[in-house]
Amino acid sequence: MAESVAVSVAPLGPTESDPERCEGEEEVRGNEAGENNQQTGPVAGAPQNRLAKLPLSRIKALMKADPDVSLASQESVFIIAKATELFVEMIAKDALVYAQQGKRKTLQRKDLDNAIEAIDEFAFLEGRSCK
């Protein structure tokens, strides 16, 4: 059974099909005048511009699950969270190439497996099975 992960693919810059964006126009993130700032859901109280996207409390709990770790400073938890985000982004982008070669927009396990086999930086993941 093939597992799949939904990935949104957005253009990196202005395109001809996007008439509202002009060349040289910078994308503005955050609150703009007249923007509705009401949020719903479990992250309603979280700030819009968080530096780490992963929940730091869970990262800290995972770190403390290691018997060699007795204390984990906030700085170390943040660095581990950021490194994890960058790793996931990197492997997802590389796997996306294989999904696009198969003319798909959804990542499947075989795309991740292909990225792991093809890229030397992911060699430490070879032979691991998460079935």
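## Notebook: rings, cores, a pocket and a loop

I searched the whole structure, which is a predicted model, for aromatic pairs and found 2 of them. I noted for myself that a pair of aromatic rings is described by the distance of the centres and the angle of the planes. The pair of Phe87 and Phe122 is edge-to-face, with 5.9 Å from centre to centre and 85° between the planes. I then looked up where these two rings sit: Phe87 lies in helix H2 and Phe122 in the segment after helix H3 (109–118), so the pair ties together parts that are 35 residues apart in sequence.

I turned next to the pair of Phe87 and Phe124, which is tilted, with 6.1 Å centre to centre and 45° between the planes. This pair also links distant parts of the chain, since Phe87 belongs to helix H2 and Phe124 to the segment after H3, 37 residues apart. Taken together, the ring pairs link Phe87, Phe122 and Phe124 into a cluster.

Which of these rings are buried and which are exposed? I found Phe122 buried, at a relative accessible area of 2%, while Phe87 is partly exposed at 30% and Phe124 is exposed at 51%. I checked Phe124 against the cut-off, and it counts as exposed because its value of 51% falls in the class over 50%.

My next entry concerns the nonpolar cores. In soluble globular proteins, nonpolar side chains tend to be buried together. The largest nonpolar core here has 6 residues, namely Ala52, Ile59, Met63, Ala72, Val77 and Ala81. Helix H1 (56–64) and helix H2 each supply at least two residues of this core. A second, separate core has 5 residues, among them Ala95, Leu96, Leu107 and Ala115. I also listed the contacts of Ala52, leaving aside residues up to four places away in sequence, and found that Ala52 touches Phe78, Ala81 and Glu85.

I then looked up the second largest pocket, whose volume is about 160 Å³. Its lining is made of Lys53, Leu54, Lys82, Thr84, Glu85, Leu86, Val88 and Glu89, and these residues divide into 3 nonpolar, 1 polar and 4 charged. Glu85 therefore appears twice in my notes, because Glu85 is in this lining and also touches Ala52, with contact counted as heavy atoms within 4.5 Å.

My last entry is about the backbone. Most residues other than glycine have a negative phi. Lys103, however, is not a glycine and has a positive phi of about 55°. I located Lys103 in the loop between helix H2 (74–101) and strand S2 (106–108), where Lys103 is exposed, with a relative accessible area of 77%.

How values were computed
Residues numbered from 1 in each chain as written. Predicted model: local features only at pLDDT ≥ 70, side-chain atom pairs only at ≥ 80, totals over all residues. Heavy atoms only, no water. 1 Å grid on protein atoms, 1.4 Å probe; cavity = no way out; pocket = protein on both sides within 12 Å on 5 of 7 lines; lining within 4 Å. Points joined across faces, edges and corners; volume = space filled by probe spheres on them. Nonpolar A, V, L, I, M, F, W, Y, C, P; charged D, E, K, R; others polar. Helix = DSSP H or I, 4+ residues; strand = E, 2+ residues; numbered from the N terminus. Buried < 20%, exposed > 50% of the residue type's maximum accessible area, 1.4 Å probe, protein only. Core = buried A, V, L, I, M, F, W, Y, C linked by side-chain atoms within 4.5 Å. Phe/Tyr/Trp six-rings, centres within 6.5 Å; stacked < 30°, edge-to-face > 60°.
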